[in-house]
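Biologist: Before I rely on the labels attached to this model, I should like to hear the reasoning behind them. Please take each term in turn and set the value against its criterion.

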Amino acid sequence: MKKLLSGNEAVARGFYENGGRVAVAYPGTPSTEILENMVQYKEKINSQWSPNEKVALEVGIGSSFGGARTLVAMKHVGVNVAADPLLTVTYSGIKGGFVLVSADDPGMHSSQNEQDNRYYAKFAKMPLLEPSDSGEAKDFVGLALEISEKYDTPVLLRTTTRISHTKTVVELKEREEHDGLLGFEKNPSKYVMVPANARKRHPTVEERSIKLTELAETIDVNRVEMNKKEIGVITSGIAYQYVKEAFPEASVLKLGMSFPLPINKIRAFAEAVETLYVVEELEPFIEEMIKAEGIPVIGKEVIPRCGELNVEIVRRALSPEKEEPLTTEKVDEKSLPSRPPVLCPGCPHRGVFYTLNKLKAVVTGDIGCYTLGVQPPLSAMDSTIAMGASIGVNIGLEKALGIDFSRQSVAVIGDSTFMHSGVTGLMDAVYNKGSNTILILDNRITAMTGRQENPGTGYTLMGEETREVDLEALARAIGVEHVRKVDSYDLKALKDVIREEMDRPEVSVVITYNPCMLIRRKKFDIKKYRVNEDKCINCGICLKVGCPAVVKNEDETKSHIVESLCTGCSVCAQVCPKDAIELV
Amino acid sequence: MNEVKNILLVGVGGQGVLTASEILSEALMLEGFDVKKAEVHGMSQRGGSVNSHLRYGQKVYSPLIEEGKADIIFSFELVEAMRFSKYLKEGGFIVCSNEKIVPNSVYFGTVKYPKDPAAVLKEAFGKSFYLIDAVKIAEELGNIRFANVVLLGTVSHLMKISDKSMKDAIGNMVPEKTVEGNLKAFQRGKELAG
Ligand SMILES: Cc1ncc(C[n+]2csc(CCOP(=O)(O)OP(=O)(O)O)c2C)c(N)n1
C-alpha cells in the first residue's frame, strides 16, 4: 500500500516494520513527531518521553543491552546533552539493534543553532546514514538496525528539517519480528566500561571501523548514477534532490551511508568525471575527508556553509555563467508588516513577561514558548543559550556583579525545561549561597514542541495516568526556603511576589501556574471580553500585552477585541486604566 | 516530459493552511502523481506566517518551490498573499481568501497594515487574482469551518484535479458528520473558479 508520510512518520513506520520494541525520546523540533507517531504501534512498541536526551539515550542503551531493537530520537542539540553516554556506548557496543535519530535543523527554523551532527558519527566512531526522502527514511531504519546488530555498534540516522517535515510517497510493508536477541546475559568486559575493559574495547572499535569502511564501499545505498561526464557530484541527504533537479544530466555519487566514507568508490568516480563537486548542506563533512585523501574536489568554495540549500542555490553555485534573471517583484515586500510567531491568546506566560517588563528586570531566559517574551511589546528577555541555562547564567552574573545586580534580575524557565536540566542549576544556586530569583513557568506541558507530556503532566506518552512531579516540594528538598506559587493571570500578585523575591538576599523560587491555554481550552468554558467603546480612550496600553486578540478597530480610534480569538484570560482587562474592557 | 506543478499555500498559524495542504496532497496522490509536501512546524504555529510547499508530477525531486515558479499561490490571508507573491510564475494564479489578520507588530513598528491589500493585488495581478469571500460563503452554509474547503474547491478546479479524488481526500480527512457540508462548500468553491 502507498501512503504519503513525513520523514518522521516514515521513521516510526520503519521501526515498526523492522521489529522495533522500544522507542525513547525527548521532544525537539524537527524530531518530535517520530515518537508521537510511534504510539499507534503500542501493541508492539513500548514508547516513552524521557525528561531529557541523556536519560532517553541511557534508557535506549539498557533496552538494547536487553536485546530489544531500540530507537532513540532527538533534535540535533539534544545529542549534545546525550553525548556523554553516546561516546562510550560506541565502545561497549550494543546487543539489540540500536539506532539514534538526530534531526538537524539547517536554516534554524526552530533552533538556537545549526550544528551539523554528522560530525558526531566521526567523533563517536559510529556509522552514519542520511536518507533523502521518506521512503529512504523508512528503509534506512531497517538498514541501520541490521548494521547495528551485525557490527555491534549504534548507528546514527541523520535527518534534516526538509526530510523530517516533508511528506513523500512511501510503500508500506508488514511487520517482521526480530526478537531472537531478547534477554540479558552478564558480560562485564563488554558492558562495564572501567578503564581496563574500555582499553580492550578501543582496538575493537578501530577494527570495526575498518570493516564498516569495507561495507560502505559495497553497500547499495552508496550508488553511482552515471550520466554526462562534464560534471560529477558527490552528495547526500536532501541535497541529492536539489542536485537531481538542478542538474538532471550530471553524474551523481549518492551517499546513503556517508560515514565511514567509501574512498575507493569516490576515487573511481572522481576519475570518471571532468569536474568533481561535493554538494552538502552546512559543514564540509564529506568534502574534508575527500580532500584529506588528496582527491581534487570543489565544495564550500561555491556552496554556502550557512543556512539551507535549495535548487536555486545549487544551480547558481555550479553554473554561475548561466544565471537566470530574477523575477521582478510586483509587490513591495518591505511595505508589509512582519508576522513573527507570538504567544497564543490566553497564554499564561504573557502576564509574567508584562510584569518583568514593568519591573525592568534583567531576565536570564531559557528555551520554550516563553522565549517569545523577548519580542516587543513584551521585550523582557536578556539571554537565551541552551535548555536549562537560565539558572546557571543568572548565578554567573551574580558572581560577577554582586548582590545588587541580583536584586534586579530573575531567571525564567519552563516546567519541562526545569526538569530537563534546570534542577541541577537550582542546586548550584542553593549550594553556592546565591540570592537568585528563579521563576518556573509551570504550564504542565512541553508546549513549544507541540504539547508533549512531561514528568509534571500526569500522563505518559502512551496515554496512561501517572504521578506528577511536585515542583514546590522538589525545590524545597533542594534547600530553597522561599518557594511561592502565583496565579499567572493575577498581575498584581505577580508584581508583588516577584518584587519581594527579587529583593530577598536568598535563593527563591516563584512557580507561576496555569495550564497551557491549548490544553485548557478543551476542558473549560471560555468567557470572553470586549471593549466598552464609551470608556476606551485609545491609550493603547492593552495592546502592550501583545495579545493577537487585542487590536484596534477599523479606523484606529478605539481598541477592539477579536471575539473568536479571546480566551477570557483577563490580562488586557487588568492593565486597562479606564476599566473599559468588560466581560461579554 | 516530466512536468512538475507547484502550489504554494500560505496564511497565518491557526488558519488551517496545513490541513488544506494535507487534503490537496492526498487527492494528488490518489490521482497517481508523485507528490512532495514540505512545511515547517514549531515556531510557525504561534500566529506567525505559515507556508506549505506542494509539488507534484511524474517524478518530483526537490520538495521546495523556487521563487517565480508557483503555478498557484493559495492564500488564506491578504497580506500573506502579498508577501509570497514573488513565488508566482508568469501565467500563474493567486487564489486568496478575503481575510485580513492584523499582526500586533503594526502597533509597535513603523510598518502599517496596508489599507486595501486586495486592491494592490488586483492591480498587480489582474485576472490572475481570485478573491474569494470564503468566510461569507461558509457562513451561508452554516459553519465557518467550511471556509477552507470553499477555497479548496476553487484551487482544485484551477489545477484540474478530478472531483472524485478531491471528494475522497476530503472524506478521508474531515470528521464524518461534516462530510456532507464540506462537500457542499467544495462545490460552491468550484463554481467560483468559473
Ligand atoms: C537540548 C534540547 N532539547 C530539546 C529542545 C526543543 N525544545 C525547545 S523548548 C522545549 C521545552 C519547552 O517546554 P517548557 O520548558 O515546559 O516551556 P513551554 O514551551 O511549555 O512554555 C523543547 C523540548 C531544545 N531546544 N534543546
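Modeller: Let me begin with a definition: a polar contact is a pair of N or O atoms within 3.5 Å, one able to donate a hydrogen and the other to accept it. Please note that the model is predicted.

Biologist: What makes the approach of Asn310(A) to Glu312(A) at the start of H13(A) a polar contact?

Modeller: A side-chain oxygen of Asn310(A) comes to within 3.0 Å of the backbone nitrogen of Glu312(A). The cut-off is 3.5 Å, so the pair qualifies as a polar contact.

Biologist: Why is H13(A) called largely enclosed?

Modeller: Because six of its eight residues are buried. They are Val311(A), Glu312(A), Val314(A), Arg315(A), Ala317(A) and Leu318(A). The cover over these buried residues includes strand S10 (228-235), helix H10 (239-246) and strand S13 (275-279) of chain A.

Biologist: How do you know that Thr153(A) is buried?

Modeller: Its relative accessible area is 0%, and buried means under 20%, so the term applies. Thr153(A) sits in the loop between helix H6 (134-151) and strand S7 (155-160) of chain A. Leaving aside residues up to four places away in sequence, Thr153(A) touches Ile94(A), Phe98(A), Lys125(A), Met126(A), Pro127(A), Ile147(A), Ser148(A) and Arg208(A).

Biologist: Lys125(A) appears in that list. Why is its pairing with Glu206(A) called a salt bridge?

Modeller: The closest N and O atoms of Glu206(A) and Lys125(A) are 2.9 Å apart. The limit is 4 Å, and therefore the pair is a salt bridge. The bridge links distant parts of the chain: Glu206(A) belongs to helix H9 (residues 195-218), Lys125(A) to the loop between helix H5 (118-124) and strand S6 (128-129), and 81 residues separate them.

Biologist: Why are both residues of that bridge described as partly exposed?

Modeller: Glu206(A) has a relative accessible area of 31%, and Lys125(A) one of 25%. Partly exposed covers the range between 20% and 50%, so both values fall within it.

Biologist: Why does the pair Lys167(B) and Asp163(B) count as a salt bridge?

Modeller: The closest N and O atoms of Lys167(B) and Asp163(B) are 4.0 Å apart. The criterion is within 4 Å, so the pair is accepted as a salt bridge. Both residues lie in helix H6 (residues 163-173) of chain B, four residues apart, about one turn of the helix. An α-helix has 3.6 residues a turn, so residues three or four places apart point the same way. Lys167(B), at 31%, and Asp163(B), at 26%, are partly exposed.

Biologist: What makes the bridge between Arg339(A) and Glu80(B) one that crosses between chains?

Modeller: The N to O distance in this salt bridge is 2.5 Å. Arg339(A) lies in the loop between helix H13 (311-318) and helix H14 (350-358) of chain A, whereas Glu80(B) lies in helix H2 (residues 78-84) of chain B. Arg339(A) and Glu80(B) are both buried.

Biologist: How many salt bridges are there between chain B and chain A, and what else describes their interface?

Modeller: There are six salt bridges between chain B and chain A, and 55 over all chains in the whole structure. The interface also holds 15 residue pairs in polar contact. The two chains bury about 4700 Å² between them, 59% of it on carbon and sulfur atoms. The contact takes 51 residues from chain B and 55 residues from chain A.

Biologist: How do you know that strand S8 (residues 166-171) of chain A pairs with S2(B)?

Modeller: Three bridges join S8(A) to S2(B), and the strands run antiparallel. Pairing requires at least two bridges, so the requirement is met. One bridge partnership is that of Lys167(A) with Lys37(B) in S2(B).

Biologist: What makes strand S4 (residues 70-75) of chain B mostly covered, and which strands pair with it?

Modeller: Six of the six residues of S4(B) are buried. Strand S1 (residues 5-12) of chain B is joined to S4(B) by four bridges in parallel, with Ile7(B) opposite Ile72(B). Strand S5 (residues 88-97) of chain B pairs with S4(B) over five bridges, also parallel, and Leu88(B) is the bridge partner of Ala70(B).

How values were computed. Residues are numbered from 1 along each chain as its sequence is written. Chains are lettered from A and ligands numbered from 1 in the order in which they are written. This is a predicted model: local features need pLDDT of at least 70, side-chain atom pairs count only at pLDDT 80 or more; totals for chains, interfaces and linings use all residues. Side-chain values use heavy atoms; hydrogens and water are left out. A salt bridge is a side-chain nitrogen of Lys or Arg within 4 Å of a carboxyl oxygen of Asp or Glu. Buried means under 20% relative accessible area, exposed over 50%, partly exposed in between (1.4 Å probe, protein chains only). Contact means heavy atoms within 4.5 Å. Buried area is the accessible area (1.4 Å probe) that two parts lose on being put together, summed over both.
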